[in-house]
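This report describes the packing, the aromatic pairs and the main pocket of one protein model, together with a few residues from its helices and loops.

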Amino acid sequence: MVAATFVPLGYIVSTLVSTGWNETAHLIFRPRVGELLRNTAELVVLTVPICVALGVGLAWIMERTDVPGAAWWGPIFAAPLAVPAFVNSYGWVSAVPSLHGLWAGVIVSTVSYFPLVYLPAAATLRRLDPAVEESARALGSGPVAVFARVVLPQLRLAVLGGGLLISLHLLAEYGAFAMIRFDTFTTAIFEQYQSSFAGAAGSTLSGVLVVLCLVLLAGESAVRGRARYARIGGGAQRGANRIRLGWAKIPMFALLAGALAATLGVPLWTIGRWLKLGGSAVWDTGEIGRSLGQTLGLAVTAAVITTLCAFPVAWIAVRSTSRFARIIEGANYITSSLPGIVVALALVTVSIRWLPAFYQTAATILAAYTLMFLPRALVSVRAGLAQVPVGLEEASQVLGKSPAATFFRVTLRLTAPAAAAAAAMVFVAVATELTATLLLAPNGTRTLAMQFWQLSGELDYAAAAPYALIMIIASVPVTYLLFTQSRKAAGL
């Protein structure tokens with residue numbers, strides 16, 4: 001599995017080697033690359049802190065206050081992951097036609113990717129020992145001090161992991177930034193591939209993205225440290241007492257409504273306008289039904305496979321502090337930093353040359369999804385495993401349980417909230433993935449995202465609207481189910 005993560009990187013390296021050092025240096029050390037580097041760096045520096053603040057804040061409100069409708073707000077704030085970033089971009093551009101450039105990228109990226117922090121933060125908050133927070137309040141600390149001194153340090157893995165994922169998505173995103181006319185490395189790579197398919201210029205820029213990914217990985221690893229986050233004792237087997245908001249419920253509810261309007265309201269308004277203009281003629285139930293079935297089949301299968309693959313990697317990352325463990329963990333993030341077209345082209349090359357039987361099969365596209373979205377599952381599963389006391393596993397084995405039985409009866413049960421969040425994030429990522437699907441999908445495959453992109457590319461926005469709407473709606477019940485199951489598991 002680790003070796004497979006290096007396939008896209010090997011594809012880039014082989015292209016650069018065949019290009020030669022002189023030509024590669026000429027392509028890298030030029031003003032255009034400096035401009036792209038500045039744009040990408042500014043985008044990451046501005047977007048990630050905003051997403052962290054929004055994601056952690058919403059998670060704390062959902063899990064630690066008595067805000068009305070918390071059971072429904074939770075999965076709703078995970079739903080923006082179901083809205084492709086390019087749909088968000090079009091929605092905001094339609095609402096504000098003058099929106100373009102850096103701050104447009106920050107807005108679109110924030111509303112698209114903040115759930116990558118929100119979901120693991122909420123899962124972690126559900127597993128924190130409430131006795132620690134209660135002790136801090138009993139010693140005179142107010143809600144703000146308790147959050148800053150007790151809760152926030154325990155969210156380090158979720159925050160750093162979510163921030164890393166957002167940064168990697170910013171490096172790889174194309175459609176959203178192309179629509180708002182904001183140049184990044186990925187938009188430049190797509191331009192190169194459109195003009196020369198697999199030319200050296202595109203591979204060179206992809207190599208720069210890999211370097212940026214390594215810088216991000218090194219920074220996250222250094223800040224994360226080696227601290228343990230599991231409880232030493234058994235802890236309190238109950239949920240935390242929720243803070244009573246009192247009169248503050250009204251402004252808090254208004255804040256949540258505003259966040260919902262910014263994240264889902266704008267794209268839904270745009271889609272609603274398309275549907276109104278198209279009328280009943282745009283609802284081709286037969287084609288929509290086939291696209292929905294194929295999308296759900298791929299998304300569910302990929303979510304299960306990716307979450308299962310995340311467990312051994314997360315186990316090594318949490319239970320070992322060796323350099324080898326960091327390499328195994330970090331290798332999975334390199335592929336996710338690459339544009340989907342690079343991953344797809346690498347798998348196409350490998351399948352044609354060495355595994356022709358897998359060319360344009362479901363196995364190839366599922367492999368691409370696993371490589372691209374494993375970090376989403378890894379962040380949540382890693383945070384969950386970090387909170388499982390090693391002593392409980394050792395006690396189970398001392399009592400005669402096998403390692404396998406210990407894993408299923410102790411580790412897996414305690415990690416269930418994080419695993420549910422991981423599966424939810426992978427599901428919505430696959431359900432809205434476009435680029436790799438276009439290149440790797442078997443003949444006859446027409447997912448919701450593919451249909452939307454094809455029709456919108458033909459400027460038939462009314463016919464594309466039903467597919468965009470279904471992509472958004474389909475994620476809500478799945479996410480709500482996963483949230484419900486994660487809460488049940490947390491109560492065991």
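By the ring-centre rule applied here, the count comes to 8 aromatic pairs. One of them is formed by Phe86 and Phe452, which are stacked with 5.7 Å from centre to centre and 25° between the planes. This pair joins distant parts of the chain, since Phe86 belongs to helix α6 (residues 85-95) and Phe452 to helix α23 (residues 448-457), with the two positions 366 residues apart in sequence. Phe86 counts as buried because its relative accessibility is 7%, under the 20% limit, and Phe452 counts as buried at 3%.

A second pair is made by Tyr369 and Phe373, whose ring centres are 6.4 Å apart and whose planes meet at 25°, so the pair is stacked. Here both partners lie in helix α19, 4 residues apart, or about one turn of the helix. Tyr369 is buried, with a relative accessible area of 1%, and Phe373 is likewise buried, at 5%. Ring pairs also link Trp73, Phe77, Tyr118 and Phe253 into a cluster.

It should be kept in mind that the model is a predicted one. In it, the largest nonpolar core contains 155 residues, of which Ile271, Tyr333 and Phe452 touch the most other members. Helix α19, spanning residues 362-386, gives the most to this core, contributing 15 residues. Phe452 therefore appears both in the stacked pair with Phe86 and among the core members with the most contacts to others, and its 3% relative accessibility counts as buried, as membership of the core requires. For Ile271, once neighbours within four places in sequence are set aside, the contacts are Val87, Ala465, Ala468, Leu469 and Ile472.

Which residues does Ala176 contact beyond its neighbours within four places in sequence? They are Ala85, Phe86, Ser89 and Val108, so that Phe86, itself buried at 7% relative accessibility, is one of the contacts of Ala176. Ala176 lies in helix α12 (residues 175-179) and is buried, with a relative accessible area of 1%. Between Ala176 and Val96, which are 80 residues apart in sequence, the C-alpha to C-alpha distance is 15 Å.

The largest pocket has a volume of about 810 Å³. Its lining comprises 39 residues, and the closest to the pocket centre are Ala172, Glu173, Glu433, Leu434 and Thr435. By residue class, the lining divides into 26 nonpolar, 10 polar and 3 charged residues.

Three further residues, with their places and relative accessibilities, are set out in the table.

| Residue | Place | Relative accessibility | Class |
|---|---|---|---|
| Val13 | helix α2 (residues 7-19) | 43% | partly exposed |
| Arg181 | loop between α12 and α13 (185-196) | 56% | exposed |
| Gln360 | loop between α18 (340-353) and α19 | 28% | partly exposed |

Two of these loop positions deserve a note on backbone geometry: Arg181 has a positive phi of about 60° although it is not a glycine, and Gln360, also not a glycine, has a positive phi of about 55°. Val13, for its part, is 379 residues away from Leu392 along the chain, and the C-alpha atoms of Val13 and Leu392 are separated by 45 Å.

Notes. Residues numbered from 1 in each chain as written. Predicted model: local features only at pLDDT ≥ 70, side-chain atom pairs only at ≥ 80, totals over all residues. Heavy atoms only, no water. Core = buried A, V, L, I, M, F, W, Y, C linked by side-chain atoms within 4.5 Å. Buried < 20%, exposed > 50% of the residue type's maximum accessible area, 1.4 Å probe, protein only. Contact = heavy atoms within 4.5 Å. 1 Å grid on protein atoms, 1.4 Å probe; cavity = no way out; pocket = protein on both sides within 12 Å on 5 of 7 lines; lining within 4 Å. Points joined across faces, edges and corners; volume = space filled by probe spheres on them. Nonpolar A, V, L, I, M, F, W, Y, C, P; charged D, E, K, R; others polar. Phe/Tyr/Trp six-rings, centres within 6.5 Å; stacked < 30°, edge-to-face > 60°.
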